[in-house]
Each structure stands twice: as C-alpha cells, then as structure tokens.
Amino acid sequence: MKDDIILRVVAKLTMPFMLVFALYVQFHGDFGPGGGFQAGVIGAAAIVFYALIFGLRAGQRLVPEAVVEAMLAAGVLVYAGVGFAGLALGGAYLDYFVLDHDPVHGQHRGIFWVEAGVALTVSGVMLKLFYMFAGRGSAE
Amino acid sequence: MTVLAAHYSHWVAIFLISAGMYILIARGNLLKKLIGLGILQTSVYLLYIAPGKLIGGTAPIVAEGFTLYSNPLPHVLILTAIVVGVATLALGLALVVRIREAYGTIEEDEILERD
Amino acid sequence: MEALIIHVLLTAMVVVIVALALTRNLFSVVVLSGIYSFLMATVLVALDAVDVAMTEAAVGAGVSTVLLLGALQLVASREAKPLHRPFLPLVVAIAVGGVLAYGSLGLPAFSDPQAPIHTHVAPRYLNDGPRETGVPNVVTAVLASYRGYDTLGETVVVFTAGAGVIALLRRRRKRPEEKQRKTDKEEKKA
C-alpha cells in the first residue's frame, strides 16, 4: 500500500491529528466525554493505521515490540502504584484524599495518574494484539 | 400501543440477545460463533443503558444551564463491560488461529471428526 | 421525536442482525458486524451515553473489526452449509427470548422519571460528585474515584488478555521444531 501516493500522503497528514486527538481525549476526560480507555484505543489506532499503510516492519520500527510490552505492564503498575501511594501517605489503599494538601486537589491528582495508567495499558494491549495477528501470517 | 412504546427498546434488545444466542449455538463455524458472542454482549449493553435515558435530559456531564441528566451509573458498568468484551474476543480469536493451525479447519463438525 | 429516532435506529439494528445471521461469506459477516457496532454507537449517543458511545465506536467498530480481519486472513474460510436444520437451537433461542420478553413487562416504561433507577443512588452522584471530586464529568468521577477498584480490576483483565494472546501466539518455540521437521523430511527423501 505504500506505493500508492494518495494513501501515503493522507496517512502522513492525518496521523499527527489522530495522536493529538488521543491526547486531547485523555486529558479532557474530566470535562467532556473521554478518559483513559478511549484515548488508549485512539492512540493505538493511529499506530495501526501507520502500520497498515507503510507495512508491519515500518510500524515495528516506529514502536518496537519491547516498548509495547513495557507499556502493557507499566500501566497496571502505575495504577497499583497510585493505590500504594495512598497507603504510604496515611490513608487507605486507592485513597485520593491524602495525595495532596487539599482533598479536591488530591482527587484531581489521583484521577489524572489513574487515567494515565489505564491509557498506557489499553494502548499497549491493542497495539500488541495487532502486531501478533498481523505478524503471524507473514512469517508462515 | 402504549405498551409497545413503553417496552420497544427492551424487546429489541431481547430480540438481539436471542439472535446472538442463536448464532452462537446453531452455527458451526468458530469465527461466526465468536461474532455471535460479540452480538450477545453488545445487545446486553443496550438492555442496560436504555432504562437510564430520560427524554429531555442530557449527557451526565454537569454544566451550567442543564437541570435534567441521564443516569450515569449504567454508563460506568458498560464501559468496563465493553473493554472486557474486546479482551474476550481477542483471546477467542487467538484460540481459533491455533485451532486452525492444528486441525486445518474451523468448522466444528470437522474438528470433532478429526479428534 | 427523540424516542422516534431511537426506535428507528433500533429497527435498523434488527435488520442488520438478521442479514448477518443468514450470510455465509465470512468477510461480509465481519463487515456487517462493523456496521452493527457503528449503529450501536449512534443509538448510544441518542440515549445520552456519550462516553460509552465513544468507547463502543473505537473498540467495537475499530479494534474488533481489525482483529477479526486479521484473524480472517489467517484462517481464510467460508462458512459451510449446516448439515442438519438448526431446529433445536432456534426453539431454544425463541424460548429464552419469550421468557425474557414476558419478564420485561414488569420493568418500568422507557424514560420514566419515577423509576427506581433514577431515585435511589444516582441523584447523590449527580449532586455531590462534582463538588467532592472537582470533575464535572460524573461518569469519569465514578469510574476513576468512587468505583476505582473496579477499574483496577478491569485494567488487570485487559493486561491478562494481552498476556494470554502473547502466550498463545508466540513463535519462538516453533522454530526448532520446524527445523527438525524440515531436516527429517530431507532425510526421508534422501
């Protein structure tokens, strides 16, 4: 597909918008529809789009397998880490009120890091699934 | 007529549930079974979210100028359910790919014959 | 007017599902399931479930269709004609649907403000949520703060699915066996 000039140009034009939209949905999940899951899937879809047009090898050069597997696990660790931070600062597990000087700011901080962890894991898993299914056929 | 208007969304969701169940049970092709499972899950989401809607309300994002909001609690449950559904689909598809490599077919009758 | 739009979209979904059940070409089935997911996302927007609609459109119509197409190109078959008429599954499906429809008559009517779902816990979240958490989107507040444990469990489920697919579809162990089989075949020919 990378020989077709229309697909190549359109992919290069739209991919940055997709990535920025993923970040927008992630950070504006507090004020509009959105949040971690949607942002993770949209980010993974941008990379899948690139890999569909330019080939799986190019996609794997852009986001290597090791990075994707690290993202998978790091998201869960970030989420659990927020819980332990709540324990360490004197509250219960996953207690957001103690994370900052003010309970409402503590909630903001807790929700921010929790959504970041969710977005990391979901985008890592979706991308890894695509790599596994697309990579299996070409090796046979 | 009022009974139809009051329960149409429930009945459509129930029809979709039985259609998904029929595809899951009756068809022998493993890939179509997985798609039937997906349809069953999606129509359960519909059955869950439809009662939360209030005509004249708006999305449950608190803002100035809106007083009536639709119920946010089913949305939370179904968000989790959608992601779990795609996880199930991914694992099922991986199993189908391995079955195809082991038996050479994905029709249920032929797999049972060869086993 | 809103109710009419919702009911028309629901009828379109019924038509798509009947077409999906009767088609035997697997590629058409995958495309029809993508159409079904998009219609579902539209109905969810009409039902004011905007977060769920975005997730369903991204996950159901996006990732699900890509994964199904990826698996389809590895499997590459056409559904075979069934050997015997599926009489018993049809009876079972209709019986289950009938019992559920009979039970649904006891549910509150569509969009009834006095239904228990709207008077028990939801007003507390809608009134106190933005004040306690500082987040206007009540769905995100409930998901990330009030019901944070469930979201942790869900993240672990997604991680487990990814780990499971990696374990099932890894290729590293196959290569020594393939080399062994290839050398065995060459020895047999010689």
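## The interface between chains B and C

In this predicted model, 80 residues of chain C are in contact with 70 residues of chain B. On the chain C side, the contributing elements are helix H1 (2–22), helix H2 (26–46), helix H3 (50–75), helix H4 (87–104), helix H5 (116–119), helix H6 (122–133), helix H7 (138–146) and helix H8 (148–169), each of which supplies at least two residues. The largest share comes from H3(C), with 14 residues. By residue class, the side of chain C that touches chain B divides into 60 nonpolar, twelve polar and eight charged residues.

## The interface between chains A and B

Chain B also touches chain A: five residues of chain B are in contact with four residues of chain A. The chain B side of this interface consists of five nonpolar residues, with no polar and no charged ones.

## Confidence in the model

For the complex, the predictor reports an ipTM of 0.91 and a pTM of 0.88. Chain A has an average pLDDT of 89, and 96% of its residues score at least 70. Among the elements of chain A, the mean pLDDT is lowest, at 88, in helix H5 (residues 103–139) and highest, at 93, in helix H1 (residues 5–27).

In chain C the mean pLDDT is 85, and 87% of the residues reach 70 or more. Among the elements of this chain, H2(C) has the highest mean pLDDT, 93, whereas helix H9 (residues 174–189) has the lowest, 55. Over residues 173–177 of chain C, pLDDT stays under 50, and the model has zero contacts beyond four places in sequence for this stretch. Where pLDDT is low, the predicted coordinates should not be read in detail.

## Architecture of chain A

Chain A contains five helices and zero strands; read along the sequence, its pattern is α-α-α-α-α. The radius of gyration of chain A is 18 Å, well over the 14 Å that the globule rule gives for 140 residues, so the chain is more spread out than a compact globule. The C-alpha trace of chain A spans about 60 × 35 × 20 Å along its principal axes.

Of the 140 residues of chain A, 44% count as buried. When contacts in chain A between residues at least 6 apart in sequence are considered, 62% of them join residues at least 24 apart.

## Architecture of chain C

Chain C has nine helices and zero strands, and from the N terminus on its elements run α-α-α-α-α-α-α-α-α. Buried residues make up 35% of the 190 residues of chain C. Among contacts in chain C between residues at least 6 apart in sequence, 43% join residues at least 24 apart.

## The nonpolar core

The largest nonpolar core has 117 residues, and those with the most contacts inside it are A:Val41, B:Leu16, B:Ala90 and C:Leu67. H5(A) provides the largest share of this core, 16 residues. In soluble globular proteins, nonpolar side chains tend to be buried together.

One of the residues with the most contacts inside the core is B:Leu16. Leaving aside neighbours within four places in sequence, B:Leu16 is in contact with B:Ile39, B:Ser43 and B:Leu46, as well as with C:Met13 and C:Ile17.

## Individual residues

A:Gln60 lies in helix H3 (residues 56–62) of chain A. Because 17 other C-beta atoms lie within 10 Å, A:Gln60 is partly exposed. Beyond its neighbours within four places in sequence, A:Gln60 is in contact with A:Glu65 and A:Tyr131. A:Gln60 and A:Arg8 are 52 residues apart in sequence, and their C-alpha atoms are 17 Å apart in space.

Two loop residues have a positive phi although neither is a glycine. A:Leu94, with a phi of about 60°, is found in the loop between helix H4 (65–88) and H5 of chain A. A:Leu94 counts as buried because it has 20 C-beta neighbours inside 10 Å. In C:Asp48, phi is near 65°, and this residue is found in the loop between H2 and H3 of chain C. C:Asp48 has 24 C-beta neighbours inside 10 Å and therefore counts as buried.

Note on methods: Residues are numbered from 1 along each chain as its sequence is written. Chains are lettered from A and ligands numbered from 1 in the order in which they are written. pLDDT is the predictor's confidence in each residue, from 0 to 100. Helices (H or I, at least four residues) and strands (E, at least two) are DSSP runs, numbered from the N terminus. A nonpolar core is a set of buried Ala, Val, Leu, Ile, Met, Phe, Trp, Tyr and Cys residues joined through C-beta atoms within 7 Å. A residue is buried if 20 or more other C-beta atoms lie within 10 Å of its own, exposed if 12 or fewer, and partly exposed in between; C-beta atoms are placed from the backbone. Two residues are in contact if their C-beta atoms, placed from the backbone, lie within 7 Å. Ala, Val, Leu, Ile, Met, Phe, Trp, Tyr, Cys and Pro count as nonpolar, Asp, Glu, Lys and Arg as charged, and the others, Gly among them, as polar. The radius of gyration is taken over C-alpha atoms; the globule rule is 2.2 Å times the number of residues to the power 0.38.
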